Structure formats: structure tokens, C-alpha cells
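Let's walk through this fold together, one question at a time. Have the model open beside you as you read.

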Amino acid sequence: MAVIGIDLGTTNSLAAVWRDGHSELIPNSFGEYLTPSVVSLGTMGEISVGKVARERLITDPDNTFAEFKRNMGSDCRYGTGGLYTAEELSSFVLRRLKEDAEHYLGEKVTEAVISVPAYFDDDKRCATKNAGKLAGLTVERLINEPSAVALKHHMGVEEPETFIIFDFGGGTLDVSLVEAFDNMVEIQAVAGDNYLGGKDFNELIARDFYRNNQILENQLSKADQGIVIREAEMLKWELTRQNQAERRIRLESGEYLMGMTNQHLIHIGAELFKRMSKPIRKVINDSMTEPEQIDKLIMVGGSSRMPVVAQYLRNLLDMPVVADRHPDKSIAVGVGIAAAIKARTGDVKDMILADICPFSLGTAIYDGSFSPIIQRNDTLPCSKTEHYVTVRDNQTVMTFPIYQGDNLIAEENLLLGTMEVTDLPKAPTGAVGADVTFLYDINGILDVQITGAGQKLHKVILNKRMGLSEKALEQRLEELRLMTLSPLEEEHNLFLIEKAKRLYRECSPQVREYIARQLAAFTYRLKHGQGREIREAYVKFSLCLEAVERDKYEFDEFDESFFDDDPE
């Protein structure tokens with residue numbers, strides 16, 4: 001059985017497998033590699049994932065969910081009555097990727113390596129593993145997204161190199177500084193922002209639209225708000241090809257103009273750009289590497305396609321800034337390599353990835369401050385020991401709350417668990433002590449051993465905030481199995497129907513009448529036609545909808561530019 005690699009993204013997700021000496025991307029039922037990370041729940045309990053669900057963000061916003069990756073490991077719930085957590089919605093995306101992989105490979109898929117943002121904490125990482133289990137996958141290994149890119153970039157490179165991976169996706173920003181030589185890829189430092197991505201630029205453009213047209217967002221319906229965000233995202237992508245773009249938007253209250261230049265986007269996005277610089281500065285400082293020692297910065301992630309981002313980084317740094325040829329697919333290719341390393345497949349089994357601990361791990365001491373045992377950026381696997389003593393005369397108990405984080409005040413970090421050494425002999429302050437050993441592996445499993453006063457305690461911390469016990473997890477798995485994903489063979493037709501509904505919502509009354517007639521004819525053919533008739537109806541309806549979408553908007557060219565004439 002194949003071990004697949006999965007890039008579970010905020011905006012899109014992909015799968016890859018190692019075959020014939022390279023990491024191969026797995027297409028979905030549409031023959032595409034990018035599957036939108038969107039889930040829609042039907043009235044009869046059916047589940048749509050991907051392109052079909054994305055269309056329903058406009059037509060059924062109350063039951064359609066996107067960008068839930070940002071809430072992995074939190075108490076945030078989705079749906080009427082709060083039925084689903086972010087990891088459960090993610091499990092539907094993983095199930096779809098698993099089914100696509102099985103269909104493409106012609107074999108069962110039971111194990112996966114999944115990428116996560118380097119700055120995901122223990123809660124978010126374990127929620128990701130939960131999502132895998134709920135999807136019917138064994139997930140023993142998680143890999144940091146920039147680490148996956150580093151594997152992909154260094155594959156086949158013989159010269160030693162030092163570079164920064166700037167991974168700017170739809171919902172998160174990850175930055176890693178990497179040293180690579182021979183078959184070794186060594187992560188030196190990581191930093192990031194779990195709440196900064198292309199999504200924030202979509203919202204920025206939407207707010208600018210509301211302000212320019214004197215519209216109060218909270219007075220719009222959810223469907224209209226969804227249209228504005230969707231059009232903001234489309235305008236953002238138009239700005240990757242030209243310096244000015246306009247879109248006409250039809251809302252319930254009328255038609256409006258949404259316009260933007262790249263220069264204005266830089267102006268209104270000043271705070272977002274400033275946030276980008278912080279993790280870059282952090283990895284350079286943490287690694288104690290001089291900027292002139294860094295060969296280049298490599299941009300990956302779908303949002304790195306934005307020219308304003310590349311220009312900002314070139315102005316910020318005195319080093320080459322280069323864009324990966326396929327920035328939204330790089331992580332998946334790298335995770336495919338990681339899956340091969342995990343399975344020890346072929347020549348790739350000899351590659352070594354030395355990853356690091358993204359957050360410090362330690363305990364709280366007598367004054368409430370945090371005492372790190374394993375430091376941020378220590379190479380994994382890692383084992384460290386610290387000695388602690390009593391702080392009061394005749395103290396008989398030593399309590400060790402275990403935290404993850406880098407805040408000075410212990411309670412401001414993430415509590416992972418607590419251990420106690422009891423029945424200590426009564427003695428003066430400092431006369432009795434204990435050695436605390438942390439062992440942290442590449443899978444994010446923390447093994448804690450405490451030795452002192454004739455006692456030896458041992459505890460494996462697998463994340464105390466998984467939200468579900470093993471028994472409850474199995475029960476939830478059975479419940480979710482009863483919820484069926486839309487059949488792969490029906491997805492193309494469902495996509496056209498949902499696209500038609502979305503365009504109907506966005507178009508003028510005259511165009512609506514045309515769409516309604518075409519939709520009625522197509523659904524009739526689906527019910528009463530045979531194979532060839534249905535295929536011909538599909539092609540005709542698809543061309544009709546493409547014409548409607550193509551003719552909706554006009555774009556104005558803009559000759560002036562603040563960009564480099566010859567960007568790298």
C-alpha cells in the first residue's frame with residue numbers, strides 16, 4: 001500500500017506519492033491538483049468537498065465552510081448547533097484526497113504524511129493527526145511545510161547552500177532558514193504567523209470596497225458578503241498580471257465598482273507587510289547567521305504570487321529573492337518526498353531531514369516564570385535534562401506543570417500536562433532535588449522522565465487537549481463514516497449545477513433568465529438522458545456558463561508601474 005504525502009492547506013489541499021524516482025502530484029476527479037479546502041453539508045446529510053463546495057459559499061453560506069485550518073485545535077465549531085470542529089471538517093477534505101489517491105493509484109491508501117505550518121503548536125498538530133484518523137488514515141509523521149519545501153528544493157542539488165524558505169499561503173506565513181549539503185537538509189530556525197496569509201489581503205480589499213462605496217458590511221446578507229470576498233480574491237489575482245484591475249459586483253442593493261492598484265494595495269496593507277518582516281528577522285537572529293551568508297530567499301505558497309509581496313521582500317532584503325516555479329504545489333511535492341523517506345523507498349531513503357523544535361518546552365518554577373528545558377530551534381530528536389530543588393523547608397511535593405511556548409510567564413504558554421513528585425523527605429530548602437528530562441522526537445511526541453528522592457516518574461505527553469478520548473474518537477469516526485462524500489463520478493455535474501446557482505445569484509435579471517433555462521435543460525438531460533446525451537449536455541452547459549462568467553466584467557489596462565523593470 002502506498003504512503004501518500006498531503007499538503008492540507010487553508011485555501012487548497014494537494015496529495016503526492018513517490019513513484020518512478022520522483023514525487024508525483026495526484027490529480028482529483030477534475031484532473032486538477034488543487035482541491036479547494038471547502039466543505040459543504042447538504043440537507044440530506046451528503047457532503048461536498050472542493051470545487052463543488054466552493055461554489056456553495058455563495059449559494060448556501062450557512063452550511064458551507066472554508067479557511068477552518070486557522071482554527072485547528074481550538075474550541076471553534078461550525079454548522080447549525082456547532083456540530084463540527086475544524087479537525088472534523090479537515091477530515092472530510094482528507095477523505096476526498098484519500099479517495100482521489102485510491103482512484104488514481106488503483107490501490108488502497110491507509111497511511112499519510114501531512115504537512116503543517118512550522119509554527120503550529122501541540123494542540124494544532126494533534127488536531128491535524130485527529131483529522132487524519134477521522135479520515136481513515138494512519139498519520140505517524142507530520143512535517144513542517146517549509147521543511148517539505150526545503151526537501152523539494154535541495155533534491156538533486158550537490159552544492160552546499162544556505163537559504164530562507166518564505167512560505168506565504170492562504171492563511172499562514174512560515175519562514176525557515178535552511179542549511180543543505182550532500183543528502184542533508186538541516187533546518188536552523190523557524191518563525192511564522194499562523195494568522196497572516198492571502199485571506200487577509202482578500203479582507204483588506206473587501207474593506208476598501210465597503211469604504212469607497214459607503215456600504216456597511218454587517219447590513220449585507222451572508223451571500224452578499226460572500227460575493228464581495230470572492231470578488232476581492234479575484235481582483236487580487238488580477239493584480240498579479242496587471243497593475244490595476246476593476247470588477248463590477250451585483251449585490252441585492254445594486255451594482256458597484258471594486259477597483260484597486262498594486263500601489264494602493266501596498267498603501268492600505270502597510271501593517272500586513274510589516275508583519276511579514278518579523279519572522280524573517282526572527283530566523284536570522286535566532287540562527288545567528290549573517291545576512292550576507294544567506295544565498296537567497298525562496299518564495300513558495302500560493303499567495304507568494306502577488307507581485308507586491310515579491311517587491312516588498314526585494315526592498316527589504318539585500319539578497320536574491322526568487323519565486324518557485326509552482327509556488328502552490330511545492331509543499332505537496334516535498335511532502336511526497338517526506339512520505340518516501342518515511343517508507344524508506346528507493347534512493348530517497350538516504351536523504352536526511354534535520355528538523356527543529358518550533359517552540360521551547362519547559363516547566364514553571366516557584367515565581368511563576370517559565371524555565372525552558374528544550375529550547376526553541378533545538379535540533380530534533382532532542383534530549384535535555386535540568387535539575388530542580390525544593391524552595392521551602394520540609395517541602396514534600398514538587399509539582400512540574402509542562403508548558404510549550406516562549407513567554408516569560410509560564411501560564412501564558414500552552415499547558416501540555418502536569419507531573420508531581422510526592423513523599424519527598426523533609427529537609428531544608430534546596431537539600432532535595434529532582435532531575436527532569438525531556439525527550440522530544442520528530443513526530444512531536446514529548447517523553448518526560450523525572451528522577452529524584454528514590455523515585456522515577458515517566459509520562460509520554462501526546463497532547464492533553466485532543467478534545468476526544470480514544471474511545472470517543474473511535475465513536476466519532478463511526479459517526480462520520482455514515483456521512484458520505486458526493487460520488488467522484490458525479491462531481492463534474494454537481495460542480496456545473498452549483499456554478500450556475502452562484503452565477504444566477506450574481507448576475508442581472510436578463511442573464512438570470514438565460515441561466516435558469518440552461519440549468520433546467522441540463523438537469524432534465526441528467527434525469528432522462530443516456531451516456532452520450534449527458535456528455536453533450538455537459539459540454540454545452542459548461543460553455544454557456546463560461547461565456548456568462550467571461551462576459552461579466554471588463555478590466556482596464558494601466559501602463560504605469562512601480563515595479564522593477566526586470567525583476568529577478
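Two helices count as roughly perpendicular when the angle between their axes falls from 65 to 115 degrees. Please keep in mind that this is a predicted model.

Q: Are H4 and H10 roughly parallel or roughly perpendicular to each other?
A: Helix H10 covers residues 330-343, and H4 packs on H10 at an angle of about 80°, with the axes 7 Å apart. The range for roughly perpendicular is 65 to 115 degrees. The two helices, H4 and H10, are therefore roughly perpendicular.

Q: How many residues in the contact of H4 with H10 are nonpolar?
A: From H4, the residues Glu145, Ala148, Val149, Leu151 and Lys152 take part, and they meet a set in H10 that includes Ile331, Val335 and Ile341. Sorted by type, two residues of this contact are polar, two are charged, and the nonpolar ones number nine.

Q: Which strands stand at the edges of the open sheet of six strands?
A: The order in this sheet is S18-S17-S12-S13-S14-S19, and the pairing is mixed. A strand at the edge has a single partner strand, so one of its sides is left without a neighbour in the sheet. That description fits S18 (321-323) and S19 (352-354).

Q: Which residue in S14 is the bridge partner of Glu179?
A: Strand S13 spans residues 173-181 and strand S14 spans residues 184-193; the two pair in the antiparallel sense over nine bridges. In this pairing, Glu179 is matched in S14 with Glu186.

Q: At about what angle does helix H4 run to S12?
A: Helix H4 (residues 145-154) lies across several strands, among them S13, S14 and S19. Strand S12 (161-168) is also crossed by H4, and the angle of H4 to S12 is about 130°.

Q: Which residues have the most contacts inside the largest nonpolar core?
A: Nonpolar side chains tend to be buried together in soluble globular proteins. Here the largest nonpolar core has 47 residues. Leu297 touches, among others, Ile164, Phe166, Ile280 and Leu313. The residues with the most contacts inside this core are Phe166, Leu297 and Val309.

Q: Is Phe541 buried or exposed?
A: Phe541 lies in helix H14 (residues 531-550), and its contacts beyond four places in sequence are Leu496, Ala500, Gln518, Leu519 and Phe522. A residue counts as buried under 20% relative accessible area. Because the relative accessible area of Phe541 is 2%, Phe541 is buried.

Key:
Residues numbered from 1 in each chain as written. Predicted model: local features only at pLDDT ≥ 70, side-chain atom pairs only at ≥ 80, totals over all residues. Heavy atoms only, no water. Helix = DSSP H or I, 4+ residues; strand = E, 2+ residues; numbered from the N terminus. Buried < 20%, exposed > 50% of the residue type's maximum accessible area, 1.4 Å probe, protein only. Contact = heavy atoms within 4.5 Å. Pairing = 2+ DSSP bridges. Axes fitted to C-alpha atoms, helices over the stretch in contact; angles between N-to-C directions. Core = buried A, V, L, I, M, F, W, Y, C linked by side-chain atoms within 4.5 Å. Parallel < 35°, antiparallel > 145°, perpendicular 65-115°, else oblique. Nonpolar A, V, L, I, M, F, W, Y, C, P; charged D, E, K, R; others polar.
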